[in-house]
Amino acid sequence: MWPFRRFARRVILAAIFVMLSSGVCLAVSSVDIPVGSRVYDDLERLEIKGLLPDAILTTKPFGRLEGARLTREARENLEALSRDKKERLESAYGIIGGLEEEFRSELAEDTPSFFIKPVDRLYLGAVYSDKTPYFLNVNNKGDRLASGSGLRAGFTAEARFLDAVSLYLNPEYRLDRDSNRVSLPEGYLKAELYGVELLVGRESMWWGPGFHGDLLITDNAKAFDMVRLSVSHPFVLPWVFGYLGPFKPTVFLTRLEKDRDFPRANLLGMRLDFKPTPGLSIGLSRVFLFGGRGRRSLGASDWFKVFFASDSAEHSNSPINGDQIASVDVSYVYVNSRRWVPFSGVKLYTDWGAEDSSGHTKTPSGRANTYGVFIDEPLWLKDFDFRVEWANTAHSARYGPQWYTHFLYTTGYTYEGRVIGHHMGTDAKDLFLRAQYHLKGGTRLGAEFDREWSGAHDWGRTIRRTWYEADVRYPLGRSSTLSGAVGYENTDNPISGDSHTVETWLKIETYF
């Protein structure tokens, strides 16, 4: 039995402790690397090759200066290897070279304390789907692609003021068959002092080691309008706590949409990452949905109870009762040094979650988990990698249907109709596979498969969805990238009958 309340309380106390202990020097602020950027994929490839032993990559986004620091660290670690090991890691030179080009301004010796880039990146994307797609609307920051042709065009702008304040804007024009509009998927102001970052605005997040989904926070839903407190880079605590390795705490607070059972309900999220060994990363997360119009207004003591997960903020007879989810994720990287082992590196990861608690034992009323394996150069296939992920929110008739749901907050763990955590939602299972081949010069060929079962305990009415995709990413010189894909999805719905969808998309991105 999992003592949910005690676990959640310890997570929060630990997060506060390390937050107050962080930061020993002034730092320069930078905008974040958006969730979904290929930069995170490249950094993970360097991690599995053993070149980023101290990196914490399971909480995204993080700043461009942190990305530049990791790039520099990977280069130094690669150059420090013996000639034989360098030859085995020849592909790492191309990855690092691409990242050095990405962060060329951040890696420069003199970074300006004040600058404005009215246009930092331009992108244009075209999509076609013969029916309303499902999988194209997964993990896409709340965007809703319709049937027929669609167009997305936008740009990003950034600025820095007085070293410590950064501004980021991403306006986008969206054209579909029956609508056109201008939106702001992301836009925020971020200030930094002594290594502690305060962000106010709209930004997508991703908590956990998963690639296709995680339990608590992903970019499946629209980005929150929030206040977030974090650190610019992981730090090591003094004294005996140094044995626990680098730490990274994160706390945010947001209000959800009006159109739900309790309008403008609050969502509080907390996460603590640490890395006790170069290969082992651990993340502790907790989110709490509470308040909203129609619920009792919270006083100072109520906020204290919410923050520290006291009994009165957790049970059905409490006027401040809310929906709580906590999770523990673990990832382990093994870098192979033996020529007879049929891979150069492997990353194993899992995420275990519990939702709410009940009874005297404080056991959770909902459980879920994910598992993943990422293999670098399997079967000695150079420049090739392969990933498998399995997610399950349908453990049993008792636990499965209660994940992402709550007896009081009947709208569930959603934001504007989209699940905030794993896209498959409650009482579901998902199997995801992806293979990639990396050519010299930054070209990438990919193929993926996804099979999802929704409503696993709704006997005779379970919806089965299958997805196939082939994609390519091709650099057009130093300042542009062309990406394209073709996909096919099939839905086996016992209620409405079978359906299928053919989808294509093409995107051109130019950066300065």
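Strands are DSSP runs of E with at least two residues, and helices are runs of H or I with at least four, both numbered from the N terminus. The legends below use these element names for a predicted model.

**Figure 1. Overview of the chain in the predicted model.** Six helices and 23 strands make up the secondary structure. The chain has 512 residues, of which 54% are buried. Where contacting residues are at least 6 apart in sequence, 63% of the contacts join residues at least 24 apart. The chain exposes an accessible surface of about 22100 Å². Carbon and sulfur atoms account for 61% of that surface.

**Figure 2. Asp427 in the loop between strands S18 and S19.** Strand S18 covers residues 418–419, and strand S19 covers residues 428–438. Asp427 has a positive phi, near 50°, and is not a glycine. Most residues other than glycine have a negative phi. Is Asp427 buried or exposed? Its relative accessibility is 7%, so Asp427 counts as buried, the limit for that class being under 20%.

**Figure 3. Asp163 in the loop between strands S3 and S4.** Strand S4 covers residues 165–175. Asp163 is another residue other than glycine with a positive phi, here about 70°. The relative accessible area of Asp163 is 28%, so this residue is classed as partly exposed.

**Figure 4. Phe161 in strand S3.** Phe161 has a relative accessible area of 28% and is therefore partly exposed. Once neighbours within four places in sequence are set aside, the contacts of Phe161 are with Ser113, Phe114 and Leu167. The C-alpha atom of Phe161 is 9.9 Å from that of Val28. In sequence, Phe161 and Val28 are 133 residues apart.

**Figure 5. Val287 and its surroundings in strand S12.** Strand S12 spans residues 280–290 and contains Val287. Val287 has a relative accessible area of 1%, so it is buried. Which residues touch Val287, not counting those up to four places away in sequence? They are Trp207, Leu216, Ile217, Leu267, Leu268, Gly269, Asp323, Gln324, Ile325 and Tyr413. Leu268 lies 19 residues from Val287 along the chain, with 5.5 Å between the two C-alpha atoms.

**Figure 6. The cis peptide bond from Lys60 to Pro61.** Omega of this bond is near 10°. Most peptide bonds are trans. Pro61 sits in the loop that runs between strand S1 (59–60) and helix H3.

**Figure 7. Helix H3 and what covers it.** H3 takes in residues 64–79, 16 residues in total. From its first C-alpha to its last, H3 reaches 23 Å, close to the expected 22 Å at 1.5 Å a residue. The buried residues of H3 are Arg64, Glu66, Gly67, Ala68, Leu70, Thr71, Glu73, Ala74 and Leu78. Their cover includes the helices H2 (38–48), H4 (83–88) and H5 (90–102). Strands S2 (115–129) and S3 (148–161) also contribute to this cover.

**Figure 8. The crossing of helices H3 and H5.** The two axes come within 10 Å and make an angle of roughly 150°. The crossing is left-handed. From H3, the contact involves Arg64, Thr71, Ala74, Arg75, Leu78 and Glu79. From H5, it involves Ala92, Tyr93, Ile96, Gly97, Leu99, Glu100 and Glu102. The residues of this contact are six nonpolar, two polar and five charged.

**Figure 9. The crossing of helices H2 and H5.** H2 and H5 have axes that come within 10 Å and cross at roughly 145°. This crossing, too, is left-handed. Arg38, Val39, Asp42, Leu43, Arg45 and Leu46 are the H2 residues in the contact. Opposite them in H5 are Ala92, Ile95, Ile96, Gly98, Leu99 and Glu102. How many residues of each class take part? The contact has seven nonpolar residues, one polar and four charged.

**Figure 10. Burial along helix H2.** Nine of the 11 residues of H2 are buried, and the helix is mostly covered. The buried residues are Val39, Tyr40, Asp42, Leu43, Glu44, Arg45, Leu46, Glu47 and Ile48. Gly50, which follows H2, has a positive phi near 85°.

Key
Residues are numbered from 1 along each chain as its sequence is written. This is a predicted model: local features need pLDDT of at least 70, side-chain atom pairs count only at pLDDT 80 or more; totals for chains, interfaces and linings use all residues. Side-chain values use heavy atoms; hydrogens and water are left out. The expected span of a helix is 1.5 Å times one less than its number of residues. Buried means under 20% relative accessible area, exposed over 50%, partly exposed in between (1.4 Å probe, protein chains only). Contact means heavy atoms within 4.5 Å. Accessible areas come from the Shrake-Rupley method with a 1.4 Å probe; for residues, only the protein chains shown count as cover. Axes are lines fitted to C-alpha atoms, for helices over the stretch in contact, and angles run from 0 to 180 degrees between N-to-C directions. A crossing is left-handed if the near helix is turned anticlockwise from the far one by less than a right angle, and right-handed if clockwise. Ala, Val, Leu, Ile, Met, Phe, Trp, Tyr, Cys and Pro count as nonpolar, Asp, Glu, Lys and Arg as charged, and the others, Gly among them, as polar.
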